[in-house]
Amino acid sequence: MARLALLSVSNKTGLIDLARSLVEEFNFDLISSGGTAKAIKDAGLPVTKVADYTGSPEILGGRVKTLHPRIHGGILARRDVPDDLSDLASNQIRPIDLVVVNLYPFEETTARPNVTLAAAVEQIDIGGPAMLRAASKNFAHLTVLCDPAQYDDYLQQLRENQGEASLEFRQKCALKGFLHTSSYDQAIASYLSQQHPSESTSPQEFTLSGKQLQALRYGENPHQSAGWYQTGNTPTGWAAATKLQGKELSYNNLVDLEAARRIISEFPDTPAAAILKHTNPCGVGLGSNLNEAYQKAFNADATSAFGGIVALNRPIDAATASELTKTFLECVVAPGCDEDALSILGAKSKVRVLILPDLSSGPKETVKAIAGGFLLQAADDIIADTSKWQIVSDRQPTQIELEELLFAWKVCKHVKSNAIVVSSDRTTLGVGAGQMNRVGSVKIALEQAGEKAKGAILASDGFFPFDDSVRTSAEKGISAIVQPGGSLRDADSIKAANELGLVMVFTGVRHFLH
């Protein structure tokens, strides 16, 4: 008797070629449902509709099609268990040797703008996951395929093994089936949780799944293996970026690029450029045009910019591209790149140039692994609101100083704690990052700024526990300080600011970045 294959797919890529090989080369009988059966029949291949095979019509508008003992009995039967074979025989059920199923496009549907909850619910597949799980469970006796990319490998297995797929291959396919249903369920749960956000500050359950987009050469260091994973079936974020040129992206490149994206997204309204090393900005600048912004960012710390990551919030033009080629850079990301600019960048063919049209969209949560589990927190995406800032010094800031304080505060948010940023003319002059004490970060930032610190602004991501940093800043010529406030000794810092004629602003918001 011919073997039996069940085909029921939403994604019909490669379907007809697979079906033809199964019928003409390996003598399979085909059963199928709905649109899959129609596609196979239209290709001139013999196929039996599931409803005809089971003797039960599709009901509830197609919600119930394959949920039937003749389907699931044929999938789940163990060929080495006599009672299972007896049950098949007494119920006139044929064993199914191949299950080819992929699921309703739930994620693609919910990614569309203005999709309704009702429309999303109708794309929650029931029969498909049931068949995938059943077939994956019974991999010892059949093969399950859930991805068109598996079809050629399966056919090759049959050709090399006298019409059979190896147990090892079947088990790998089963794993992929379970991973697929797990990811699918996670997407549904994530979508529904967004419709009714939890009143709790954090969800009671949180799942994270992804499929490998690229195997990376290594992680942070050559002895660490690493991979790049995409969440969901619809590419978003960096998975949706276009690489115009350059070498393959590394683990460290991607980590730095994400940090660069977060910084540049703070400045949607003005041409901006940010240059990063090891996730910290070494230069950020705003300008009247992109070229000016980049040159300001580069000149902020030209030494550290060597080998850096550049993020731009406007499409790359020829003038900016010419400046970019004047130093060694690892990566450049922007929302676009004109043809002249790309031609100029071609002179540095190893530089990775990426286009990410939407630099502002990022994850709503951050996840960090720890032994025995992981930590989950909401993304630090609070928008700075100067109307809520408290000016605690006697001297009031000018409008120019207030705008500069806001610029420095936005940059400081993305510097590793303890974080200090000195800026002037919407350009970073000095960055103190990741020191074990705040005084150390202040000294580094001021030393880097040098004489340019006179009249400049200083931002701190956390409060000053003592007034020493205020006094050190004043000695170097800093005119205004922005910090969260909240120290038991805030009064000492305010008193020092008043004695020394500084502006001091409390934001009431802390931006630690560990």
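This report covers the nonpolar cores, one strand and its partners, some salt bridges and one loop residue. The model is predicted.

**Cores**

The largest nonpolar core has 47 residues. Leu7, Leu22, Phe28, Leu30, Ile75 and Tyr154 have the most contacts inside it. Helix 10 (residues 167–195) gives this core its largest share, 6 residues. Another core lies apart from it and has 41 residues. Leu216, Leu405, Val411 and Ala480 are among them.

Take Ile75 as an example from the largest core. Leaving out residues up to four places away in sequence, Ile75 touches Leu6, Ile96, Val99, Met131, Ala134, Ala135, Asn138 and Leu142.

**Strand 19 and its partners**

Strand 19 spans residues 457–460. Side chains in a regular strand alternate between the two faces of the sheet. Here, Ile457 and Ala459 point one way, while Leu458 and Ser460 point the other way. All of these are buried.

Strand 17 (residues 420–424) pairs with strand 19 in the antiparallel sense, over 4 bridges. Within that pairing, Val422 stands opposite Leu458. Strand 20 (residues 480–483) runs parallel to strand 19, and 3 bridges join them. Ala459 has Val482 as its bridge partner in strand 20. From strand 19 the chain passes through helix 18 (residues 468–475) to reach strand 20, in a right-handed β-α-β crossover.

**Salt bridges**

The whole structure holds 22 salt bridges. Three are listed here.

| Pair | Closest N to O distance |
|---|---|
| Lys38 and Asp42 | 2.8 Å |
| Glu404 and Arg426 | 2.8 Å |
| Arg471 and Asp467 | 3.3 Å |

Lys38 and Asp42 both sit in helix 2 (residues 34–42). They are 4 residues apart, about one turn of the helix. Both Lys38 and Asp42 are exposed.

What does the bridge between Glu404 and Arg426 tie together? Glu404 belongs to helix 16 (residues 399–412), and Arg426 to the loop between strand 17 and strand 18 (427–432), so the bridge links parts that are 22 residues apart in sequence. Glu404 is buried, at 5% relative accessible area.

Arg471 has a relative accessible area of 30%, so it counts as partly exposed. Asp467 is also partly exposed, at 22%. Elsewhere, Glu258, Arg261 and Arg262 form one network through salt bridges that share partners.

**A loop residue**

Where is Thr325? It is in the loop between helix 14 (318–324) and strand 12 (329–334). A polar atom of the Thr325 side chain lies 2.8 Å from the backbone oxygen of Ser322. Beyond its neighbours within four places in sequence, Thr325 contacts Ile344, Leu345 and Lys348.

Conventions. Residues are numbered from 1 along each chain as its sequence is written. This is a predicted model: local features need pLDDT of at least 70, side-chain atom pairs count only at pLDDT 80 or more; totals for chains, interfaces and linings use all residues. Side-chain values use heavy atoms; hydrogens and water are left out. Helices (H or I, at least four residues) and strands (E, at least two) are DSSP runs, numbered from the N terminus. A polar contact is a pair of N or O atoms within 3.5 Å; within protein, one must be able to donate a hydrogen and the other to accept it, and residues adjacent in sequence count only if both atoms are side-chain atoms. Contact means heavy atoms within 4.5 Å. Buried means under 20% relative accessible area, exposed over 50%, partly exposed in between (1.4 Å probe, protein chains only). Two strands pair if DSSP finds at least two bridges between them. A crossover is right-handed if, with the strands pointing away from the viewer, the path from the first strand over the helix to the second runs clockwise. A nonpolar core is a set of buried Ala, Val, Leu, Ile, Met, Phe, Trp, Tyr and Cys residues joined through side-chain atoms within 4.5 Å. A salt bridge is a side-chain nitrogen of Lys or Arg within 4 Å of a carboxyl oxygen of Asp or Glu.
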